[in-house]
Number of protein chains: 2
Amino acid sequence: MNKIPFPVIHRLSYVFEILNKLEEQGIKKVSSAQLGKYLGQTAHTVRKDIHFIGIAGTAGTKYDIAGLKTLISRHLGFGIPKKSCIVGLGKLGSALLEYTLAIPQGAFRIVAGFDSNINRVETIHTPIELFPAYRIEETVKRLQIELALIVVPPQQAQEAADRCCDGGVTGLLNFTPTVIKPKRDGIFVRSIDISGELRILAALAYTTTIMNE
Amino acid sequence: MNKIPFPVIHRLSYVFEILNKLEEQGIKKVSSAQLGKYLGQTAHTVRKDIHFIGIAGTAGTKYDIAGLKTLISRHLGFGIPKKSCIVGLGKLGSALLEYTLAIPQGAFRIVAGFDSNINRVETIHTPIELFPAYRIEETVKRLQIELALIVVPPQQAQEAADRCCDGGVTGLLNFTPTVIKPKRDGIFVRSIDISGELRILAALAYTTTIMNE
DNA sequence: TATTAAATGTGAATAATGGAACAATTTATG
DNA sequence: CATAAATTGTTCCATTATTCACATTTAATA
Ligand SMILES: NC(=O)c1ccc[n+]([C@@H]2O[C@H](COP(=O)([O-])OP(=O)(O)OC[C@H]3O[C@@H](n4cnc5c(N)ncnc54)[C@H](O)[C@@H]3O)[C@@H](O)[C@H]2O)c1
Ligand SMILES: NC(=O)c1ccc[n+]([C@@H]2O[C@H](COP(=O)([O-])OP(=O)(O)OC[C@H]3O[C@@H](n4cnc5c(N)ncnc54)[C@H](O)[C@@H]3O)[C@@H](O)[C@H]2O)c1
């Protein structure tokens, strides 16, 4: 199997999301140009990305949505949803819990939540199981959880991530404004830094202001 | 002025954040190697990024934190905080409101919030002013707000963004899982798609599983 | 059926990015 | 004062990513 460049994985996973939505609307076919429009990319890019994972259509015809979904699923592993957990059930964590449970799709499924504050574990109402933080490693192992959302205070982020790594997760999604390091090779970390994004936006608006003069 | 590549702006804005934290701790000097460690980047990259915006230190000595902050501020526009607003004060929006207000730094400052539900506008307690959604355009104009966080349901996202554009914002930070288009040229959009990020993480973990065989 | 339009697959060209090397400079030290 | 160590500025090269061009194929239409 060929190595797929990261930007391609990134875009294809969004293509998958778009295909899901189109299919929900009863649409059966879609062109690279249409997909490009949804993604904010050119049709060229879309075709080339798809080309990385094989042949998805036939020249002259649009892509068959069901077929393309299958192809992407097979290459990106969206067939069996990855079991996931949320660590830290504060203001953001509990919002995320509710939000992610409401998203129906094939890539991931939240199956557990953790908080060091036993009070939160006992008072939050949700269909999934919640545990105190000292049980992270044990539970991640037992349920074979693969992904973890880290939503604890920044000072606790690395420690919480470490426990998840010890339990055997393969991916961490970090919501704290700190850099967290995976404990072993083969564990991926992605970070969502909201204040960082705002800072970037502020910078972008400014640099073009200059450039336009 | 030279055009600064986007990845450089991205990283430099994080450097700025790190410098703030170090300065808070009373630290006065920092090397490219140290900054690289905080960023998860090499010292080479850090030096090269800084090189894009000018000369920040002298060979043989570490960077002076105050001086480097000034240089980045000048080029990325972090001197005067950009006035910002939050549109949509639901579960996520109100968490973001509280969170962003607690971050002290120079790039942005939240000054207003909007919601179409008058009840939310009246019941949320916060030091900043809240307005009903029909007053977005007027208020953004009056207060000269430059950035907007879009935190409304996906179906309302484009419309909410349009109102902000009409008011004159220069940047949109989109939290909804949809693509929103700026109404005019010169308005930047960045999106934070949480379920998208989870999907990417799921895909990453999977592709390496394959690659390792 | 012939022709036109629309669509994909694919290789090549171009552009952007990242990484590495090294000269130049300062500080520390004996 | 001389030397060694540490550190930045800057150029060059390799790699990666994007854009483009076009051959090929299908569907629609007159
Ligand atoms: N609230 C936001 O809108 C927002 C936005 C962006 C980023 N963040 C980041 O997300 C993180 C959480 O923010 P929040 O506003 O939800 O904070 P919060 O204080 O409301 O929640 C944090 C939760 O983590 C729990 N916790 C603490 N240590 C823990 C541990 N070791 N293991 C498990 N749980 C632990 C706490 O009991 C608490 O319930 C912070 O790092 C914050 O910087 C928050
Ligand atoms: N909750 C989460 O953890 C989470 C995570 C990721 C993304 N999101 C996205 O963020 C958005 C908001 O999510 P939420 O959970 O806070 O939803 P929510 O329903 O709790 O809040 C939405 C708020 O927007 C207001 N609103 C609706 N139309 C509006 C308009 N035209 N102008 C101004 N305000 C308007 C509503 O009155 C409500 O208060 C959604 O698009 C959701 O997909 C949410």
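In this predicted model, the shell around ligand 1 draws at least two residues from each of H5 and helix H8 (154-167) of chain A and from H5 of chain B. The largest share, three residues, belongs to H5(B). Ligand 1 accordingly has both chains beside it: its place is between chains A and B.

Of the 23 residues around ligand 1, those that come nearest are Gly90(A), Lys91(A), Leu92(A), Asp115(A) and Val152(A). By class, the shell consists of 14 nonpolar, six polar and three charged residues.

Backbone atoms of chain A approach the polar atoms of the ligand. An oxygen atom of ligand 1 is 2.7 Å from a polar backbone atom of Val152(A), and a backbone N or O atom of Leu92(A) lies 2.9 Å from an oxygen atom of the ligand. At Ser116(A), a backbone N or O atom is 3.1 Å from a nitrogen atom of ligand 1. The protein buries 86% of the 820 Å² that ligand 1 exposes when taken alone.

The second largest pocket is the next feature to consider. The space in this pocket amounts to about 680 Å³. It is lined by 32 residues, of which Gly90(B), Val151(B), Val152(B), Pro153(B) and Pro154(B) are the closest to its centre. Elements of both chains contribute: helix H5 (91-101) of chain A, and from chain B helix H5 (91-101), strand E4 (108-115) and helix H8 (154-167), each supply at least two lining residues. The lining divides into 21 nonpolar, six polar and five charged residues.

Technical notes:
Residues numbered from 1 in each chain as written. Chains lettered and ligands numbered in written order. Predicted model: local features only at pLDDT ≥ 70, side-chain atom pairs only at ≥ 80, totals over all residues. Heavy atoms only, no water. 1 Å grid on protein atoms, 1.4 Å probe; cavity = no way out; pocket = protein on both sides within 12 Å on 5 of 7 lines; lining within 4 Å. Points joined across faces, edges and corners; volume = space filled by probe spheres on them. Helix = DSSP H or I, 4+ residues; strand = E, 2+ residues; numbered from the N terminus. Nonpolar A, V, L, I, M, F, W, Y, C, P; charged D, E, K, R; others polar. Near = heavy atom within 4 Å. Polar contact = N/O pair within 3.5 Å; in protein donor to acceptor, adjacent residues only side chain to side chain. Areas by Shrake-Rupley, 256 points an atom, 1.4 Å probe, with all protein chains shown as cover.
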